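Hi everyone, thanks for coming. I'd like to walk you through one chain today, going from charged pairs to empty spaces. Have a look at it first, and then I'll start.

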Amino acid sequence: MALDGVVIHNIVKELRDSLLQARISKIAQPEKDALLFTFKSRTEGQKRLYISASASLPLIYFTEKNKPSPMTAPNFCMLLRKHISGGRITDITQPDLERIIHFEIEHLNELGDPCKKTLIVELMGKHSNIIFVNENGMILDSIKHVSAQMSSLREVLPGRDYFLPETQHKLSALSTNREEFLEHVLQKPTKTGKAIYTAYTGISPLLANELCYRANIDADAPSASLSEDTGYHLFRQFELMAEDIRAERFSPQIVYQGKQPLEFSSLVLTMYGDCRTETAGSISKILETYYADKDIYTRIRQKSVDLRRIVSTALERNCKKYDLQLKQLKDTQKRDKFKIYGELLHTYGYQLEPGAKQLEAENFYTGETVTVPLDPTLSAADNAKKYFDKYGKLKRTFEALSGLIKETKAEIDHLDSITTAFDIAVTEDDLSMIKEELISSGYIRRKQNQKKVSSKSKPLHYISSDGFHMYVGKNNFQNDELTFKFASGNDWWFHAKGMPGSHVVVKTNGEELPDRAYEEAGRLAAYYSRGKGNEKVEIDYLQKKNVKKPNGAKPGFVIYYTNYSLSIAPDISGLTLVEE
């Protein structure tokens, strides 16, 4: 995501179109670092503008939602109400492509004389602030006070003069030329993408990578390695982008991977050709939608932290146990040697002299000569018994370990599948089902009087290009339900080979599936698996009637013996997700 200078330029255009000559009706401060303005305009009617100077999430956008405010307004809010409540917006500007917006406000003072004030919104990450200055540029107050102890570059305190420190000395992207571009980008000893966004104001890493993609250049390639012709081609793409910005040809959009929002931009992003893109006529609508959708995933990830920790701890413990068991199993491989030693002593022991330390005899299984170490204080029969005892002990250990290793491996595979389910979960109901699975598996103790959760979570539902309904289980309980209760015998079943992943069921309704439906279902199975980040994933598919669940198997675990296979990219772009 990139709230860069270009997005701010788009926001300023939207603000100017809606708020010039509008009057400030209400001012609220719903959060310690955020303001909510209500404007009234003759042409636009009532508009709400939300401005946040949060260090982690600076934002500004129009919204239709009201936000609750504290009973007693903070001092900064009271000061704004005193000075500019009822004031009129006369101008809204952005210095170059900086992430700064100036609101010029005309109002009447206590004597009824017209005055001018400026509200400056700085949306610069941890340095974000909202600063209120008078007509002489003196700071009246700010939503965040910055003292000399906090910053050696600039104090933001009442009574100080407002200025923006020149710390980066970047060039203007809107007034550059070929020579300047070649000098400041192609001669930098750094990656091409980084050379662009460190040289020009308002250009984010996202836009720098997009420029490289449009010019068919690797953004990670050293800029000094580019030829003159390649550098000129890159400049032409830069110039075309700058022209779109100057002409305010914006196309606000969000790029989604599945249902998860990846990026937003005011310009067309061509480098995400395999992802779904949603556009809107308003950058405010894009920002509000993006952060609302992003918040869902952030909240789910935060809520799953404790559950993930439980699974991670159990997985680590089982992996250590598995490694130890394999090592112990390797030690039992010499059991057959002890058995042969005992048999040779029974066969040839009568030849030994008392006190002999070894026996050399021919192994009647291989024909090789074997040297059998002996305890000289024991007879041949006792030495044979000792070796048979060792063989018996190692054999029992081998048999016990073989079963334990199988159980431990099943536990590891089960925990791996739960880890994958966390990555697929998109709602709190999904997490509830995972938690219920952990309780039923004994990883979490059910609280006293706590009832079993009945979740409303449903499998993901897609429709293929040919109109067939495809369902994707989001966790092991859903996988079992989907495969053994929902699917019919002639429906087709898909799963990533040899790795945790979702069960994918395609309902056939008695019809024969076209090749494209097999491919699309395979793409779903690849995408919703541990192999999502791979270039290709091998997928097993077969009719559901050939999928079996062993007695006592873990949730989501199945077996099958006859199947088809395909290798396909985990790409679900173009597939239609049905909103349940």
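Okay, one bit of vocabulary before anything else: when I say helix or strand, I mean a DSSP run, at least four residues of H or I for a helix and at least two of E for a strand, numbered from the N terminus. And keep in mind that this is a predicted model.

With that in hand, let's find Pro-459. It sits in the loop between α11 and β15. Is Pro-459 buried, exposed or partly exposed? It counts as partly exposed, because its relative accessibility is 24% and buried would mean under 20%. Leaving out residues up to four places away in sequence, Pro-459 touches Val-472, Gly-473, Lys-474, Gln-478 and Leu-482. Asp-429 is 30 residues from Pro-459 in sequence, and the C-alpha to C-alpha distance between them is 11 Å.

Stay with that loop for a second, since Arg-446 is in the loop between α11 and β15 as well. Arg-446 makes a salt bridge with Glu-436, and their closest N and O atoms are 2.6 Å apart. Glu-436 belongs to helix α11, 10 residues away from Arg-446 in sequence. The two partners don't sit alike: Arg-446 is partly exposed at 30% relative accessibility, while Glu-436 is buried at 5%.

How many salt bridges are there in the count? There are 25, and I'll show you two others.

Arg-88 pairs with Glu-106, with 2.4 Å between the closest N and O atoms. Arg-88 is in strand β5 and Glu-106 is in strand β6, so this salt bridge ties together parts that are 18 residues apart in sequence. Glu-106 is partly exposed, at a relative accessible area of 26%.

Then there's Lys-507 with Asp-491, where the closest N and O atoms are 2.9 Å apart. This pair goes from loop to loop: Lys-507 lies between β18 and α13, and Asp-491 lies between α12 and β17, 16 residues apart. Both Lys-507 and Asp-491 are buried.

Now for the empty spaces. Rolling a probe the size of a water molecule over the atoms shows where empty space is left.

Let's begin with the second largest pocket, which holds about 750 Å³ of space. Its lining has 30 residues, and those nearest the centre are Ala-410, Asp-413, Gly-556, Phe-557 and Val-558. Which element gives the most to this lining? That's α10, with 9 residues. By class, the lining of this pocket splits into 10 nonpolar, 11 polar and 9 charged residues.

What about closed spaces? There are 3 cavities of 30 Å³ or more. The largest cavity has a volume of about 60 Å³. Among the residues lining it are Gly-473 and Lys-474, and you've met both already as contacts of Pro-459. Helix α10 turns up again here, with the largest share of the lining at 4 residues. The lining of the largest cavity has 3 nonpolar, 8 polar and 1 charged residues.

The second largest cavity comes to about 40 Å³. Its lining includes Phe-37, Leu-49 and Ile-105, and β2, β3 and β6 each supply at least two of the lining residues. So how do the lining residues of the second largest cavity divide by class? They are 10 nonpolar, no polar and no charged.

That's my tour. Thanks for listening!

How values were computed
Residues are numbered from 1 along each chain as its sequence is written. This is a predicted model: local features need pLDDT of at least 70, side-chain atom pairs count only at pLDDT 80 or more; totals for chains, interfaces and linings use all residues. Side-chain values use heavy atoms; hydrogens and water are left out. A salt bridge is a side-chain nitrogen of Lys or Arg within 4 Å of a carboxyl oxygen of Asp or Glu. Buried means under 20% relative accessible area, exposed over 50%, partly exposed in between (1.4 Å probe, protein chains only). Contact means heavy atoms within 4.5 Å. On a 1 Å grid over the protein atoms alone, a cavity is a set of points where a 1.4 Å probe fits but cannot get out, and a pocket is an open set with protein on both sides within 12 Å along at least five of seven lines; lining residues have an atom within 4 Å of a point. Grid points are joined across faces, edges and corners, and a volume is the space filled by probe spheres set on the points. Ala, Val, Leu, Ile, Met, Phe, Trp, Tyr, Cys and Pro count as nonpolar, Asp, Glu, Lys and Arg as charged, and the others, Gly among them, as polar.
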